[in-house]
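Biologist: I have a model open and would like to learn how to read it feature by feature. Could you walk me through it?

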Amino acid sequence: MTATAERPRDAYVSQFSALTKQVRESGLLRRRYDYYWPRLIGAALALAAIIAAIVLIGSSWWLLALAAVMGAVMTQIAFLGHDAAHKQIFTSGKWNDWTALVLANLFVGLSHGWWQGKHSKHHANPNKRGSDPDIDLPYVTFTPEQADERRRHPAIDWFLKRQGWFFFPMLLLEGLDLHVTSTKRVLGRAPLKRRTVEIVFLAIRLIAFPVFLFLVLSPGIAGAFLGVQLAVFGVYMGASFAPNHVGMPVMPKDMRLDFLRRQVLMSRNITGGRWVDTAMGGLNFQVEHHLFPNMPRPHLRTVAPLVRQFCAEHKVDYTQTNLFRSYGIVVRHLNDVGLGVRDTFTCPLVAAYR
């Protein structure tokens with residue numbers, strides 16, 4: 001049976017298989033130890049240098065600048081943990097798992113198991129109602145249906161209509177929320193692989209490190225250090241992840257799309273030079289990352305032209321914009337949702353799939 005005689009869904013799967021074969025044959029899925037080993041070693045050295053600087057500088061308000069640096073360093077380490085969790089770094093699954101555990105739990109203070117379960121659901125169905133946990137948060141409303149359910153008080157209604165303006169300021173608390181949410185998951189009763197290891201690593205990062213700060217610094221400076229570090233970490237993380245999907249189409253629960261369209265139509269790339277690649281940990285190539293989640297980060301820029309050309313040939317919308325314009329899209333979209341503006345996205349494939 002030829003591609004033109006196939007059912008639409010089968011034809012689309014065949015199309016993506018052809019792209020996957022081209023990418024594999026080009027060598028873009030091979031591991032890049034020359035890229036990752038220096039960054040892994042650098043992450044450990046950076047954390048050691050921060051701890052040493054805290055001891056040497058002592059109780060000085062200049063430490064708040066170091067706290068901001070630490071917030072940025074923690075975010076970069078989280079990006080490395082993200083790569084390890086996606087099996088991008090090593091050929092060995094065990095090496096990737098343990099690297100992700102050390103980076104996420106011990107260095108950053110976030111549960112690897114919690115994040116992996118949540119993130120896997122997101123990758124399976126990005127921006128799909130009832131399936132993607134990233135669009136089901138208690139403090140931000142991503143769909144008009146969610147807004148309708150939450151309009152229980154005039155104050156809440158007032159906030160929802162302006163939630164876009166509050167989004168980035170709220171990220172100041174995102175770091176704290178991530179620590180609390182992931183810790184609750186580890187201490188809960190739901191099954192979790194390597195729970196004991198996760199608890200030990202989290203205890204060292206989230207208990208021993210603050211105790212260390214209060215032992216070597218005055219209480220006021222120690223508390224301020226933790227506050228600044230968490231605030232920078234939360235803003236940096238949120239500002240890196242939000243542009244990727246917020247403001248892109250949201251799929252109804254009953255809509256089914258092939259893998260290619262499910263990933264491309266719901267994702268947005270952020271344009272810019274190598275500095276954007278570094279600042280966003282490769283997440284600026286969100287389309288390519290969703291299509292090839294185990295592709296090493298340095299190869300995403302190389303594969304992007306192939307994916308753009310492929311999408312153009314098969315009439316699949318490929319979205320990209322610059323960083324600051326994406327932030328404007330995020331703010332406007334969240335405000336529109338709060339105002340009750342319905343998603344006008346209508347996928348031309350719906351009829352074919354049903």
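Modeller: Gladly, let us start with the overall fold. The protein has 17 helices and two strands; helices (H or I, at least four residues) and strands (E, at least two) are DSSP runs, numbered from the N terminus. This is a predicted model, where local features need pLDDT of at least 70, side-chain atom pairs count only at pLDDT 80 or more, and totals for chains, interfaces and linings use all residues. Residues are numbered from 1 along each chain as its sequence is written, and side-chain values use heavy atoms, with hydrogens and water left out.

Biologist: What does the radius of gyration of the protein say next to the globule rule?

Modeller: The radius of gyration is taken over C-alpha atoms, and the globule rule is 2.2 Å times the number of residues to the power 0.38. Here the radius is 21 Å, close to the 20 Å that the rule gives for 354 residues, so the protein is as compact as a globular protein of that length. Its C-alpha trace spans about 70 × 55 × 40 Å along the principal axes.

Biologist: And how much of the 354 residues is made up of buried residues?

Modeller: First the cut-offs: buried means under 20% relative accessible area, exposed over 50%, and partly exposed in between (1.4 Å probe, protein chains only). By that standard, buried residues make up 49% of the 354 residues. One of them is A85, with a relative accessible area of 9%, and A85 is placed in helix 3. From A85 to G273, 188 residues away in sequence, the C-alpha to C-alpha distance is 25 Å.

Biologist: Now the aromatic residues. How many aromatic pairs does a search of the whole structure find?

Modeller: A pair of aromatic rings is described by the distance of the centres and the angle of the planes. Rings of Phe, Tyr and Trp (its six-membered ring) pair if their centres lie within 6.5 Å; planes under 30 degrees apart count as stacked, over 60 as edge-to-face and the rest as tilted. Searching the whole structure gives 14 aromatic pairs. Take F79 and Y236: their ring centres are 6.0 Å apart and the planes stand at 90°, so this pair is edge-to-face. Because F79 lies in helix 3 (residues 63–85) and Y236 in helix 11 (residues 219–241), the pair ties together parts that are 157 residues apart in sequence. F79 counts as buried, at 2% relative accessibility.

Biologist: Which residues form one aromatic cluster?

Modeller: Look for Y33, W37, F90 and W95, which form one cluster. There is also a charge over a ring to find, meaning that NZ of Lys or CZ of Arg is within 6 Å of the ring centre and within 35 degrees of the ring normal. In this model the charged end of R39 sits over the ring of Y35, 3.7 Å from its centre.

Biologist: How should I read the salt bridges, and how many does the structure hold?

Modeller: A salt bridge is a side-chain nitrogen of Lys or Arg within 4 Å of a carboxyl oxygen of Asp or Glu. The structure holds 10 of them. D277 and R301 make one, at 2.8 Å from N to O. That pair links distant parts of the chain, with D277 in helix 13 (residues 274–279) and R301 in helix 15 (residues 300–313), 24 residues apart. D277 is buried at 13% relative accessible area, whereas R301 is partly exposed at 25%.

Biologist: Which residues are linked in a network of salt bridges?

Modeller: The network links D148, R151, D157 and K161. Within it, R151 meets D148 at 3.8 Å, N to O, and K161 bridges to D157 with the closest N and O atoms 3.2 Å apart. R151 is partly exposed at 26%, as is D148 at 40%. K161 is partly exposed at 35%, and D157 falls in that class at 21%.

Biologist: Last, the surface. Which residues form a nonpolar patch there?

Modeller: Patches are made of residues with over 30% relative accessible area and no salt bridge: like charges are joined within 9 Å, nonpolar side chains (Val, Leu, Ile, Met, Phe, Trp, Tyr) within 5 Å. Accessible areas come from the Shrake-Rupley method with a 1.4 Å probe, and for residues only the protein chains shown count as cover. The nonpolar patch consists of I51, V55, I207, V211, L215 and V216, with about 530 Å² of accessible area together. Helix 2 (33–57) and helix 10 (195–216) are the elements that give two or more residues to the patch. Helix 10 brings the largest share, four residues. V211 is found in helix 10 and is partly exposed at 44%. F209 also has its place in helix 10, yet F209 is buried at 9%. The C-alpha atoms of F209 and I51 are separated by 9.3 Å, although their positions lie 158 residues apart along the chain.
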